[in-house]
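Hi there,

Here is the structure I promised to pass on. Have a look at it first, and my notes on what turned up follow below.

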Amino acid sequence: MKILVTGGTGYIGAHTIVELQQQGFDVVIADNLSNSYADVVDSIELITHIRPIFEKMDLTNAGETKALFSKHPDIVGVIHFAAFKAVGESTELPLKYYQNNLFSLVNLLNSMQEFNITSLVFSSSCTVYGQPETLPVDENASVQKALSPYGNTKQICEEIISDTIHSGKLKAILLRYFNPIGAHESALIGELPIGVPNCLVPFITQTAIGKRPFLNVFGNDYNTPDGTCIRDYIHVVDLAKAHISALSRLIGKKNEENCEIFNLGTGIGYSVIEVIHSFERVSGLKLNYKITDRRAGDVEKIWAETSLANKVLGWKAEKGLDDMTLSAWNWEKKLAEKNK
Ligand code: UD1
């Protein structure tokens, strides 16, 4: 069965393709390489010994999107990752985010309708909850006004999908990710932000390897045990596996509703300082960091209620924080060797 993975050379996309191929699915990648590299396709092949088909293309172009589906009439399902995701940049360039994240989804849905493809897994985010009133946050918590254009695109995309479902044959699973970190155990694929990383863990590993002088810890005066923000970090391979469960549920017509939503996290919250300590523990290094001002738009604390995904998708995150930080470190070291 052939699956279209948009954004398949990106961080979560690449890890998901490995799991898809290992479960016997064929994969077509659509990616414009705006925040990833073509050699990720080679790395996927090294891991699975199967080369996914790669179509370098722009999903914001309706003609190109239609041509993709015409070229691959045997696609049976779509996992849509392709999107811009830098929160800070989205506040400076909101239209870039709306144009990319919304137009690509609309084109994709139009083509899916035209080619009669009804199964969609969508990459959403816990950012839709803002700062929840109760923790852990479950899927029934209200969606809050987005703190950034990026967050708003995720909310609008969820609404676009939901409206499209109500008007036709589409069925979708919206996966709300908490904080994916870590890398494949082979260290052949991992997170490779272009430019200065925004996210915590790539910043930690780049600091430790010497690419950055120190890590800024954004605030230690939050209402948390050590004063730093708390997040639910999830190993990217665990996250990837949930996509296979979701997709199989749709393709196998096991879904109970045509739009289902699941949180993907571990259910455990860790502070920034706890992540740093985990990194120091697994690497044996002392990390150079400084406490600085809060970052605008950060929520204080959030972690997931995961029982719905555990029960309905039959999926559970298995890896702990030290597995995550160690795999991220192994990936950073491998990159450094490669670039020597
Ligand atoms: C946010 C969104 C997430 C979205 C992601 C996109 C929320 C709750 N989460 O993740 O849905 O997909 O952006 O990029 O809205 N930190 C530092 N120093 C750094 C970097 C980060 O102290 O150099 C801290 C942050 O303040 C935060 C934690 O580390 O407390 C995690 O930050 P990050 O990795 O950027 O992810 P989120 O902001 O949680």
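**Two domains and a helix pair**

The protein splits into domain 1, made of 2-182 + 233-264, and domain 2, made of 200-230 + 267-305 + 314-333. Please keep in mind that this is a predicted model.

Let me start with how the domains meet. The C-alpha centres of domain 1 and domain 2 are 25 Å apart. To their contact, domain 1 gives 24 residues and domain 2 gives 23 residues. Together, the two domains bury about 2,000 Å² between them, and 69% of that area is on carbon and sulfur atoms. Three residues are worth finding on your screen: Y233, H235 and D238 account for 33% of the area that domain 1 buries against domain 2, more than any other three residues. And how many salt bridges are there between domain 1 and domain 2? The count is zero.

The other thing to look at is a pair of helices. Helix α3 covers residues 62-71 and helix α5 covers residues 94-114; they pack at an angle of about 40°, with 9 Å between their axes. Their crossing is right-handed. On the α3 side, the residues involved are A62, T65, K66 and F69, and they meet N107, L108, S111, M112 and E114 of α5. By character, the residues of this contact of α3 with α5 come out as four nonpolar, three polar and two charged.

Happy browsing, and write back with any questions!

Best wishes

Conventions:
Residues numbered from 1 in each chain as written. Predicted model: local features only at pLDDT ≥ 70, side-chain atom pairs only at ≥ 80, totals over all residues. Heavy atoms only, no water. Axes fitted to C-alpha atoms, helices over the stretch in contact; angles between N-to-C directions. Helix = DSSP H or I, 4+ residues; strand = E, 2+ residues; numbered from the N terminus. Left-handed = near helix turned anticlockwise from the far one by under 90°. Contact = heavy atoms within 4.5 Å. Nonpolar A, V, L, I, M, F, W, Y, C, P; charged D, E, K, R; others polar. Domains from an automatic or database assignment. Buried area = accessible area lost by both parts, 1.4 Å probe. Salt bridge = Lys/Arg side-chain N within 4 Å of Asp/Glu carboxyl O.
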